[in-house]
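Dear colleague,

Please find below the structure that I am handing over to you. After it, I set out what was found.

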Amino acid sequence: MSVVGQQPPPFFNRGPAPLARLAFFVALSLLMLVLDLRFHTLEWARQAVALVVYPLQRLAYAPVEGIQHGSGYFTTLVTLKNDNDLLRQRQLSTANQLLRQEHLELENQRLRALLDMKLRQPATGEMAEILYAARDRFARRVIIDKGTQQSISPGQVVVDEQGVIGQVTRSFPLLSEVTLITDKDQAVPVQIVRNGLRSVLFGAGAGNLELRFLAANADVQAGDILVTSGLDGVYLPGLPVAKVTRVDRDTAYAFARILCEPIAGVERHGQVLVLGRHEAAPPAPPEQEHKERPEKGKKGKKREPA
Amino acid sequence: MIQPTHYSNRILRPVRDWFVWLTILLAIFLSLIPVGHLPGYPEWVALTLAFWCIREPFKVGMGAALLTGIVMDVGSASVMGQHSLAYVLLAFTANGLSRRILQFPLPQQALQILPLMLGTQLIMLATRMSVGSEFPGLGYFLESFSSALLWYPLTYMLLLPQYQPHEKDENRPI
């Protein structure tokens, strides 16, 4: 054995025993895990390390970028022409709505002023590009190429041309992490366009979404379109989110199992729009002091139809 | 020049500290390449760490593993502590098994690296599943197999600087 015996045997000064060191380092790791998962107090450390890792990340992205650009360069003329035709067609078909939108918005403003209502937030946005999917295998996140330098902050909503794809959950100086709506921990408050039924949409794994906690007899059909309800004050109301694909009503369970698929190209890469900060919702009405009857529970509350 | 062989009975030059850190940095770089969720993309960092923990148990240990783990936690946008915990346990096991593993020829070493890699992945899986993340599918474990396959070429590459003599001397065999 050439290597192990190379150093003089360190009889006297070996430091703490391996098991003691193991215990120390494992405890440190577990502490980090708990701090990050439970209390979310390690963001400053993450920012600091990210600053160091960023050049490495950028460098690692270079070969992939090169390949993407290279393949883009060799796109055939036919593909480009087809794309062009499709875009022109789409533009024509939406021209009617676009032309009228300005007029409608003005009219809306006037009517709202008449009704003395709070003006609807104008939607501003920042164009960004999805660079790549985060390496973490256990969550569905993507990295976009805009960060705090472009005043992007956690909580902002990310959409593409068809609908919502996710929400910014972390922002670094030049990059941001977007958690996709198909992530298991991501919840989107939605309502059904057809009847206005409100609920909350969760990721269900494998690129699907799930409407949880809706009664077995809830009025949901396959093909229903879900849009954001805007009740949370984070998502603008009316953004398309998902389409119901399957409804399983099993009387053995209290709730129906409703599977949906996202409308936007959530698992695809490309250009996205990070919507500007939505103005904070007015403060919630103060809790009623006297509670006459016991609460039904959170799940019951969400089920009330609009 | 003696040709490099995989038998460890030849005398090697001592390893340089900067080379160890450079290879770990390179491994981090390789694992940061955004390949998406390509199944079977090797666990470069765990493999390199395991290599140095086995080859140089006095130099590379749990402290290095913790530091590397933190960098990987941030770089791969996962939970802080996930990689650190797995790497620390990997380093401990690799340090402890170093003498035993080095006795074997390289293909058999690779067979013993496989459970180490699988263990590392299982720890990460357990960490994330315990807080309710989704199961990434069995393809996740392919990474261990591709990593173990890389053990043979990686040993050559990482030991290359130690095969080189200080200065070429015709009269001395090393």
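A residue is called buried if 20 or more other C-beta atoms lie within 10 Å of its own. Please keep in mind that this is a predicted model.

In helix H2 of chain A, the residues that count as buried are Ala50(A), Val53(A), Gln57(A) and Ala60(A). An α-helix has 3.6 residues a turn, so residues three or four places apart point the same way. The cover over the buried residues of H2(A) includes two helices of chain B, H1 (17-32) and H3 (62-75). Val53(A) also marks a kink of about 45 degrees in H2(A), and the proline Pro55(A) follows shortly after.

The contact between the two chains involves 43 residues of chain A and 47 residues of chain B. On the side of chain A that touches chain B, helix H1 (18-39), helix H2 (43-73) and strand S1 (125-133) each supply at least two residues. H1(A) gives the most, with 12 residues. By type, the residues of this side comprise 28 nonpolar, 6 polar and 9 charged.

Chain A also holds a closed barrel of 6 strands, in the order S1-S2-S5-S4-S3-S12, with antiparallel pairing. On average, neighbouring strands of this sheet are turned by 45 degrees against each other, direction ignored. Strands of a sheet pair through backbone hydrogen bonds, either parallel or antiparallel. Within the barrel, S3 (residues 157-159) and S12 (residues 271-275) of chain A form an antiparallel pair over 2 bridges. Here Val158(A) has Val274(A) in S12(A) as its bridge partner.

Yours sincerely

Terms used. Residues are numbered from 1 along each chain as its sequence is written. Chains are lettered from A and ligands numbered from 1 in the order in which they are written. This is a predicted model: local features need pLDDT of at least 70, side-chain atom pairs count only at pLDDT 80 or more; totals for chains, interfaces and linings use all residues. Two residues are in contact if their C-beta atoms, placed from the backbone, lie within 7 Å. Helices (H or I, at least four residues) and strands (E, at least two) are DSSP runs, numbered from the N terminus. Ala, Val, Leu, Ile, Met, Phe, Trp, Tyr, Cys and Pro count as nonpolar, Asp, Glu, Lys and Arg as charged, and the others, Gly among them, as polar. The bend at a residue is the angle between axes fitted to the seven residues ending there and the seven starting there. A residue is buried if 20 or more other C-beta atoms lie within 10 Å of its own, exposed if 12 or fewer, and partly exposed in between; C-beta atoms are placed from the backbone. Two strands pair if DSSP finds at least two bridges between them. Axes are lines fitted to C-alpha atoms, for helices over the stretch in contact, and angles run from 0 to 180 degrees between N-to-C directions.
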